[in-house]
Amino acid sequence: MKNWNINFILIALLSVIAIGCTDDKNDTRDLNLNLTGLENLGSEFVYEGWIIVNGSPVTTGTFSVKDNGDLSKSTFTINAEDLDNATTFVLTIEPSPDSDPAPSSVHVLAGDFSGDNASLNIQHESALGNDFKSAKGSYILATPTDGGMMDNEESGVWFLDPTGPSATLELPTLPAGWAYEGWAVINGTPVSTGTFTSANGADGSAIYSGNAGGPPFPGEDFLKNAPAGLSFPTSLAGGVIVISIEPVPDNSVAPFKLKPLVGEVGNNPAVHALKSMNNNIAATAIAGTASKS
């Protein structure tokens, strides 16, 4: 009887050790995010983190961002072995709900781990791949789609040099998942001039323009179909002209956080005259860190 008890105890101890060894394989570690500059995506999209392990993406979880910039969640518990072997962190924007287990093409931030820490930025090759500090541009006020009428030239903005005509925007090529969008801030309301990926062609919208054809460059005349609270034609005097970088698809009626170019129209603007825009990317930076603990 005594020997049976001893054998039973030995078997029990070996079982505990075996279970402990099995649990070791399922150990977890925390990934901590400290991010600034992100915006609220609404109810249809979320942010999702990914670590690159042996060349493949492994999700670290999703989160949303409040209007004040706070993350709904900043610490994520994941498999320790995966986190140990992670070489890069990537932040994407994903639809919610999302039936695709793979990352979307909308890569916002990325950074390589050095030890347990990764500095995240937009210029990483796994994000937008550029810091946009070389972006330049100018615009004119004109309404070429009004059929030759010249009494509302302050009601349109076009990113072109009329002497060519030629493109005036110098912008890096965007990766898949992103597009540029022009905006005119009219009486405090941002109104889109359309999205585009090349400054040497028309943008994707002409919903406010007149019946005449517009030039083959980004821009818009604000002549009809005014949004609620505005009336067209209008005057862009005293307003602001913006070029933003937008995720695709995009459900927001306002510019995304990243705005590489901004230009003040002024109170007495000259029409048909080129007006330069300022590089604004530093003021709209998105950045942060990912750390293993």
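In the predicted model, strands S7 (residues 117-120) and S19 (residues 287-292) run antiparallel and are joined by 4 bridges. Within this pair, threonine 289 of S19 lies opposite serine 119.

Both strands belong to an open sheet of 8 strands. The strand order is S3-S2-S5-S6-S7-S19-S1-S4, and the pairing is antiparallel. S3 and S4 (75-79) occupy the edges. Each has a single partner strand, so one side of each lacks a neighbour in the sheet. From one strand to the next, the twist averages 25°.

At the S3 edge, S2 (residues 45-53) and S3 (residues 56-63) are linked by 7 bridges in an antiparallel arrangement. Glutamate 48 has threonine 62 of S3 as its bridge partner. The two strands form a hairpin, with 2 residues between them. In the turn, asparagine 54 adopts a positive phi of about 55°.

A further glutamate was examined in strand S12 (residues 178-186), which contains glutamate 181. Glutamate 181 is buried but has no salt bridge. The nearest side chain of opposite charge is that of lysine 259, 11 Å away. A salt bridge would require a separation within 4 Å. The side chain of glutamate 181 instead makes a polar contact with the side chain of serine 192, at 2.5 Å. Beyond its neighbours within four places in sequence, glutamate 181 is in contact with Ser192, Gly194, Thr195 and Phe196, and also with Val242, Ile243, Ser244, Glu246 and Asp250. Two acidic residues, Glu246 and Asp250, are thus among the contacts of this buried glutamate.

Technical notes:
Residues are numbered from 1 along each chain as its sequence is written. This is a predicted model: local features need pLDDT of at least 70, side-chain atom pairs count only at pLDDT 80 or more; totals for chains, interfaces and linings use all residues. Side-chain values use heavy atoms; hydrogens and water are left out. Two strands pair if DSSP finds at least two bridges between them. Buried means under 20% relative accessible area, exposed over 50%, partly exposed in between (1.4 Å probe, protein chains only). A polar contact is a pair of N or O atoms within 3.5 Å; within protein, one must be able to donate a hydrogen and the other to accept it, and residues adjacent in sequence count only if both atoms are side-chain atoms. Contact means heavy atoms within 4.5 Å. Axes are lines fitted to C-alpha atoms, for helices over the stretch in contact, and angles run from 0 to 180 degrees between N-to-C directions.
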